[in-house]
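Visitor: I am new to this structure. Please take me through it one question at a time.

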Amino acid sequence: MFIRRLPKFEHHAPASVAGALGLLKKYGNKARVFAGGTDLLLAMKKRALTPEHLINVKNIKALKGISYNDKKGLKIGALVTCAELEESPLIKEKAPALWDAVCVMASPQVRTLATIGGNLCSAVPSADTAPPLIAMGAQAVLSGPKGERTVLVEKLFKGPAESKVARNEILTHIQIPKQPERSCAAYLKLMRRAAMDLALVGVAAYVCLDKDNRTCKEVRIALGAVAPTPIRAPMAEQTLAGNEITEALAEQAGKVAGTVCSPITDLRASLGYRCDMVEVLTKRAVIEACSRVKNSTKR
Amino acid sequence: MAEYSVVGKPVERTDGRIKATGAAKYAADLIAPGMLYGKLLRSPLAHAKILNIDTRKAKALKGVKAIVTGKDFPGIPYGTRPDTRDQLPMPVTKVHHFGEGVVAVAAVDEDRAEEALDLIKVDYEELPVILTAEDAMAPGAPLVNELSKSNIAYFSDFLFGDIEKGFKEADYIREETFSSQRVTVGFIEPHACLAEVDPTGRVLLQGSKQSPYITWRHMCRALDIPVSKMRIVNPFVGGGFSGKHDPFDIDFATVKLAQMTGRPVKTVLNYDEVLAAYRQRNAMNAKLKMGLKKNGQITALRTECVLEGGPIAGIGPFNIYYFGAFQNVPYKIPAIEYHGKLTYSNRAPCGTVRGQEIVLAQYCLDSMLSIVAEDLGVDQVDIRYMNAVTSNWHAANGLIIDVSGLPECIEKCGKRIGWKESRTSRPKGRGIGYSCASHPSGVRLGGHFGSSVMLKLLEDGNVVVTHGGTEIGQGSNTIFCQMTAEVLGIPFESVIQGVSDSDTTIFDSGMFGDRCTYWNGNATIAAAKDLKRQLAEIAGAELKVNPEELEFKNSMIFHKERADVKMDFLTAVRRAYYEKGSPLYGRGYWAATDIDIVDWKTGRGNLAHGLDFIATGVMVDVDRETGRVTLIKGISADDAGQPIHPVMLDGQVNGGSAHMTGHALLEDCLYDEKGRVLNHTWRDYKQPTALDTPEYIVEHVHTHDPYGPFGAKGAGEASSCSSLAAIANGIYDAVGVRIKDLPITPEKILAALKKKEGK
């Protein structure tokens with residue numbers, strides 16, 4: 001009913017991924033991975049989660065840092081905070097849609113704690129980093145007892161607050177493939193207030209234009225907060241693929257996107273409003289992504 | 001205009017550095033030796049009989065020192081007015097709202113106290129829930145408050161002027177309904193207190209209190225102890241906005257736990273408890289019927305208002321009264337009929353919020369004025385200017401407005417926001433909303449309404465000010481130091497703010513209704529003059545001149561015509577201390593005596609001095625696709641008389657505007673059908689952030705109030721009264737849809753746009 005003090009738990013602070021995996025194996029379902037804690041500690045204060053063991057991964061250096069490789073693209077450690085992403089010129093240049101997202105998440109204070117890994121592993125439908133990462137074709141790299149495996153961020157989610165990261169695995173980093181020429185993505189978030197708010201609807205659009213700078217060669221649209229998990233909108237993408245992107249076509253894609261989502265009515269917005277807003281934001285995100293491509297090729 | 005040395009200057013706030021650096025101690029920061037920690041078990045139901053409370057297991061838990069329920073109190077009801085004593089410290093026979101404190105525990109630490117709460121078993125029998133005023137007034141509705149025989153907690157029926165004649169003379173009459181939601185108060189610091197009991201049984205309470213005198217009186221009554229058996233000391237308070245006047249379950253429980261254990265007990269709430277179970281603003285349903293001449297001149301107004309206020313009357317009777325009384329300003333309305341009702345319900349108990357229910361009254365009135373102006377084809381600024389109250393105006397209810405800068409405020413605001421230009425061209429989706437408001441500088445609601453100040457002159461020439469007001473962020477401590485320095489002709493830095501302590505500071509009816517600057521300010525001047533008189537006598541005797549001919553300036557006392565006949569201020573002080581052995585005190589009190597004490601039955605009388613005025617223009621952009629409203633610019637032209645501290649005055653005006661943007665657009669306390677609160681977190685209760693507020697500009701219209709201290713009027717609440725209608729009118733101007741039920745959400749705007757466009 002009301003927020004309480006933290007329940008009792010045992011705190012572990014391994015210094016390596018192997019150490020963390022060992023603890024996860026030992027404590028199984030009684031353990032939770034603890035990174036920024038901005039979701040987890042609140043859930044514990046609400047008694048929604050009462051893990052007996054917290055595996056604090058913040059001492060693991062391998063989970064930190066942002067780097068760029070001309071072949072592989074961007075590598076973002078799971079422990080990278082939203083504030084680090086926001087302040088990174090690399091992110092702003094190579095993954096502007098992700099930058100869009102982190103700038104409108106929570107508050108500046110919370111952004112200094114909250115991590116990209118935590119945002120994905122908490123797996124709430126409105127996770128802001130998910131739609132841009134999905135749109136950019138990003139992959140999540142997981143470490144487990146049998147070694148590493150790679151999953152598209154798009155395939156990382158199972159249901160509300162449930163990811164496909166197994167209990168004996170940890171997310172180590174995100175890999176965003178090198179984005180082709182004449183491509184860009186944008187993320188738009190609709191909130192009730194101008195800051196410190198959850199997305200009512202979040203839409204990320206990625207477009208890659210043909211040499212003519214008009215025809216849509218490749219497109220991905222990802223929606224947040226309008227289904228049990230962040231989702232792609234393939235039908236809307238089909239509307240655009242191979243065609244010249246005009247405002248009318250973007251609007252049509254938006255209309256299609258509005259029919260593929262399955263939002264709920266809750267305190268924050270009604271189902272109908274959310275569907276309408278998917279239409280508007282999809283249109284705007286597609287137009288914004290295109291205009292970013294055009295602006296960058298102009299320069 | 002008088003030349004002042006300290007008054008009217010932007011001196012450094014007395015509490016600025018200590019608050020900005022985090023060094024200020026609030027109630028939650030206090031620690032006493034041997035202190036226990038209190039926690040409250042809250043009702044999960046909105047309306048239920050308490051059948052049994054089993055505390056045996058909790059009592060047996062190691063570290064638990066005492067447990068309190070409603071039965072531990074003497075059973076004496078208290079309330080704001082003698083005829084509305086409908087509250088008990090904690091519930092005895094039934095719970096009245098979700099989150100009501102039912103049992104309190106004191107333990108050696110907070111974890112132990114929480115553990116004890118888990119071990120307490122309360123058996124309830126659910127009762128039907130009253131959620132709205134309509135529910136409350138339905139025939140056969142169950143009674144909410146066991147101390148009252150009706151679900152109507154209070155009512156007011158006023159008739160001012162000749163209403164029939166007023167409507168007969170009207171060329172145009174329109175009727176509209178408006179409604180407003182439950183909103184929280186919005187201070188930063190959640191309720192907290194530390195209670196201690198000395199060996200004689202005397203209680204010391206240090207809490208986050210806005211009007212300690214009200215808390216003190218109500219608590220002593222309900223605890224059945226004389227006021228001398230309780231001392232209240234106020235630490236720093238993190239905002240009030242009318243949410244911290246009266247005592248709550250937390251205060252009563254903490255004192256009782258301290259009495260039972262003989263140890264200090266501190267209880268600190270989480271904000272989710274505040275959002276769920278403490279003071280909110282009344283929900284409102286109002287109907288207005290306005291008659292006007294073709295040219296826009298108002299001839300008559302009939303207003304019905306129903307406020308739903310939770311399970312207590314609280315200050316609701318004042319809210320109902322204010323709603324009716326303040327239809328008489330800021331416009332000249334010759335005839336007004338008013339019917340107001342306050343109902344009980346099983347939602348959180350209401351107090352009020354900044355601007356009191358004048359906020360709601362003005363929202364209705366100025367929305368209505370915008371509607372009829374358009375109907376009649378009269379310009380929005382012109383209709384306000386034409387009807388604006390002017391100086392020496394006698395309103396229909398008997399209220400006398402001595403000085404009104406409102407017409408000038410309207411002109412200034414219109415110019416600054418570019419109203420005229422906007423009529424010829426403006427970007428699509430952009431609009432400008434206009435509203436005015438007026439707020440009294442403290443109504444005399446009862447005979448005991450008064451303010452007092454004590455000055456102690458130290459032997460080094462510095463002065464300590466203690467006053468009955470409370471520094472709740474509005475800057476009262478600073479301005480009384482300014483006023484003292486001005487009268488005594490000493491530097492601002494020579495005046496020190498003393499502690500707010502019921503043993504040394506004198507009673508004050510409370511921090512509300514824009515009364516602090518005005519009432520306590522006049523008391524400060526009286527106290528400083530008292531001190532000045534004593535010093536002048538000392539100096540006059542030595543200088544061999546008439547003390548009345550002495551002036552005080554630049555730390556000197558000198559003859560007003562012979563500048564060479566003079567004495568250092570400090571020399572006079574030393575004469576008193578070191579030669580006469582006489583310490584010096586200045587004593588001052590003020591209660592407006594040439595206005596009428598409120599007549600609750602008729603609502604008639606000259607209710608208050610110092611009506612302050614404001615004209616607000618808000619520029620908005622509305623996104624037609626998402627329904628989102630962006631506030632671009634907010635201009636307020638205000639008449640607060642003589643500004644005492646111009647920077648803090650700006651802060652007050654802008655603070656009121658920003659505060660109400662939430663009420664207009666975002667905030668809403670939501671309940672399910674069983675009366676359970678749905679959004680008692682800052683995540684789901686949407687208060688505006690700085691990014692939700694526009695660029696604010698304040699234009700002062702400098703007037704001189706004949707009764708105000710240095711000609712000042714109150715200032716903190718008028719802007720909150722003009723903000724709602726300005727935003728609503730701006731949205732209408734932008735996209736042509738009028739939402740008459742607050743808050744104005746994007747969904748409501750889109751739905752109205754669709755309807756308008758025939759979709």
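Visitor: How many residues does the contact take from chain B and from chain A?
Guide: This is a predicted model. Residues count as in contact if their C-beta atoms, placed from the backbone, lie within 7 Å. The contact takes 22 residues from chain B and 18 residues from chain A.

Visitor: Which helix supplies the largest share of the side of chain B that touches chain A?
Guide: Helix 3 (110-119) and helix 8 (271-277) of chain B each give at least two residues to the side that touches chain A. The largest share is three residues, and its source is helix 3 of chain B.

Visitor: How many residues of that side of chain B are charged?
Guide: The residues on the side of chain B that touches chain A fall into three groups. Six are nonpolar and four are polar. The charged residues number 12.

Visitor: What distance separates the centres of domain 1 and domain 3 of chain A?
Guide: Chain A is divided into domain 1 (10-56), domain 2 (70-176) and domain 3 (183-294). Taken over C-alpha atoms, the centres of domain 1 and domain 3 of chain A are separated by 35 Å.

Visitor: Which residue stands opposite A:L223?
Guide: Chain A has an open sheet of four strands in the order 11-12-13-14, with antiparallel pairing. Its edge strands are strand 11 (183-190) and strand 14 (231-232) of chain A. Strand 14 pairs with strand 13 (residues 216-224) of chain A over two bridges. Opposite A:L223, in strand 14 of chain A, stands A:I231.

Visitor: At about what angle does helix 11 of chain A run to strand 12 of chain A?
Guide: Helix 11 (residues 271-298) of chain A lies across strand 11, strand 12 (201-209) and strand 13 of chain A. Its direction relative to strand 12 of chain A is about 35 degrees.

Visitor: What is the bridge partner of B:T616?
Guide: Chain B has an open sheet of four strands in the order 20-29-30-31, and the pairing is mixed. Within this sheet, strand 29 (residues 612-622) and strand 30 (residues 629-639) of chain B run antiparallel and are joined by 10 bridges. In strand 30 of chain B, the partner of B:T616 is B:S636.

Visitor: Which helix of chain B packs on that sheet?
Guide: The helix touches strand 20, strand 29, strand 30 and strand 31 of chain B. Its direction makes about 20 degrees with that of strand 29 of chain B. It spans residues 406-417 of chain B and is helix 12.

Methods. Residues are numbered from 1 along each chain as its sequence is written. Chains are lettered from A and ligands numbered from 1 in the order in which they are written. This is a predicted model: local features need pLDDT of at least 70, side-chain atom pairs count only at pLDDT 80 or more; totals for chains, interfaces and linings use all residues. Two residues are in contact if their C-beta atoms, placed from the backbone, lie within 7 Å. Ala, Val, Leu, Ile, Met, Phe, Trp, Tyr, Cys and Pro count as nonpolar, Asp, Glu, Lys and Arg as charged, and the others, Gly among them, as polar. Domain bounds come from an automatic or database domain assignment. Two strands pair if DSSP finds at least two bridges between them. Axes are lines fitted to C-alpha atoms, for helices over the stretch in contact, and angles run from 0 to 180 degrees between N-to-C directions.
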